[in-house]
Amino acid sequence: MDNSLPFALDAGALDAGALDAGALDAGALDAGALDAGALDAGALDAGVSARLSDLRAILFDMDGVLYLGDAPIPGVQATLDYLEATGRKYCLITNNSTMTPDQYAEKLSRMGVTVAEDLILTSGVATARYLARLEPKGAPVYVIGERGLLEPLEAHGFWQDDRAPRYVCVGLDRGLTYQKLKVATLAIRAGARFVASNPDTTLPTEEGLVPGNGATLAALRTATDVEPLVVGKPSAAIVDLAVEMLGVEKATTAIIGDRLDTDVLAGQRAGIGRILVLTGVHQPADIPAFEGKPNWIVSDLAELCRLLDGAPIPPGETSSRL
Ligand SMILES: [Mg+2]
């Protein structure tokens, strides 16, 4: 039996390029992520480096940090160059599973930023790597998703099977149909493990907020009473994979992102440092309402570099370890 059948890309599942990475809205599937709490010392990890200048590796969220939609945020290349010049490691992480790393590298290239594909960890790639740990030789899977999920799974030896898959992998699929939900539901009910690339409930478009992958997960959860295993943020899984990919220590690694409910919470769950950057969604006033607490706040990438370089933190500035 030939198990190496390539994934069939649905016509409706194409045109991934129109979607923007971090533009995806944060998912609230995880009840723990919604637990509001006042900022307290308990949110800090004893193992996390006390000074930003001690950090040896940075995991970057993309939208809201490197760009806003299609508009580049200033200083990205200079920041990456600075990290390299100071012997630090970095990678870029996104919850979007519709685009592949090479598509992101292309997008960044159009903005004048050069990043190697293998330093871009999408939730699609993370899902494939996560499953490859469980199934080193691959396994039959039923995939609801687009190119950014299908290609990495195929590359890791998984093949599409709508009859008896061992896993049902769900990422945003703009060609979603009732038939796909039906196949996934029957498979999960028959014992296939339910895995999600990301839980983002909505995503912003020019027309407004439209359903994200979390909306598909909600349908399947309702039909199966099974909770998905989530790989993307705010799960620690994608952060753990990034840390391992870079071969760095958690104590001297931090994630920088613009969202408390995805980037910061994922970093917190994984036990690495968290830097909230104020060029995107969340601001310091939002911190009390979220479970994810940053260790540091920086206004932008220029400030990140100054603090990584050991610049003193002026009294009264926000850029301090909280
Ligand atoms: Mg973001």
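Two strands pair if DSSP finds at least two bridges between them. Helices (H or I, at least four residues) and strands (E, at least two) are DSSP runs, numbered from the N terminus.

The structure is a predicted model, in which local features need pLDDT of at least 70, side-chain atom pairs count only at pLDDT 80 or more, and totals for chains, interfaces and linings use all residues. Residues are numbered from 1 along each chain as its sequence is written.

**Exercise 1. The chain as a whole**

Task: State how many helices and strands the protein chain has, and what percentage of its residues is buried.

Solution.
Step 1. The protein chain contains nine helices and 15 strands.
Step 2. A residue is buried if 20 or more other C-beta atoms lie within 10 Å of its own, exposed if 12 or fewer, and partly exposed in between, with C-beta atoms placed from the backbone. Of the 322 residues in the protein chain, 50% are buried.
Step 3. Two residues are in contact if their C-beta atoms, placed from the backbone, lie within 7 Å. Among contacts between residues at least 6 apart in sequence, 74% join residues at least 24 apart.

**Exercise 2. The five-stranded sheet**

Task: Give the strand order of the open sheet of five strands, and find the bridge partner of tyrosine 142 in E8.

Solution.
Step 1. The order is E7-E6-E8-E9-E12, and the pairing is parallel.
Step 2. The edges are held by E7 and strand E12 (229-230); each has a single partner strand, so one side of each is left without a neighbour in the sheet.
Step 3. Within this order, strand E6 (residues 140-144) and strand E8 (residues 167-170) are paired in the parallel sense over four bridges. Tyrosine 142 has valine 168 in E8 as its bridge partner.
Step 4. Helix H5 (residues 178-189) packs on the sheet and touches E6, E8 and strand E9 (193-196). The direction of H5 makes about 140° with that of E6; axes are lines fitted to C-alpha atoms, for helices over the stretch in contact, and angles run from 0 to 180 degrees between N-to-C directions.

**Exercise 3. A residue in strand E7**

Task: Decide whether glutamine 160 is buried, partly exposed or exposed.

Solution.
Step 1. Glutamine 160 belongs to strand E7 (residues 159-160).
Step 2. Glutamine 160 has 17 C-beta neighbours inside 10 Å and therefore counts as partly exposed.
Step 3. Alanine 139 is 21 residues from glutamine 160 along the chain, and their C-alpha atoms are separated by 8.8 Å.

**Exercise 4. The six-stranded sheet and helix H7**

Task: Describe the open sheet of six strands and state which of its strands H7 touches.

Solution.
Step 1. The six strands follow the order E5-E4-E1-E13-E14-E15, with parallel pairing. E5 and strand E15 (296-298) are the edge strands, each pairing on one side only.
Step 2. On average, neighbouring strands of this sheet are turned by 25° against each other, direction ignored.
Step 3. E1 and E13 run parallel and are joined by four bridges. Alanine 57 has threonine 253 in E13 as its bridge partner.
Step 4. H7 packs on the sheet and touches E1, E4, E5 and E13, with its direction at about 150° to that of E4.
Step 5. The buried residues of H7 include Ala237, Ile238 and Val239.

**Exercise 5. Two helix pairs**

Task: Classify the crossing of H7 with H8 and that of H1 with H9.

Solution.
Step 1. Angles under 35 degrees count as roughly parallel, over 145 as roughly antiparallel, 65 to 115 as roughly perpendicular and the rest as oblique.
Step 2. The axes of helix H7 (residues 236-246) and helix H8 (residues 260-270) come within 8 Å and cross at roughly 70°. H7 and H8 are therefore roughly perpendicular to each other.
Step 3. The axes of helix H1 (residues 76-85) and helix H9 (residues 301-308) come within 9 Å, crossing at roughly 20°. This angle makes H1 roughly parallel to H9.
Step 4. In this second contact, Val76, Thr79 and Tyr82 of H1 meet Leu301, Leu304 and Cys305 of H9. The contact residues comprise five nonpolar, one polar and no charged, where Ala, Val, Leu, Ile, Met, Phe, Trp, Tyr, Cys and Pro count as nonpolar, Asp, Glu, Lys and Arg as charged, and the others, Gly among them, as polar.
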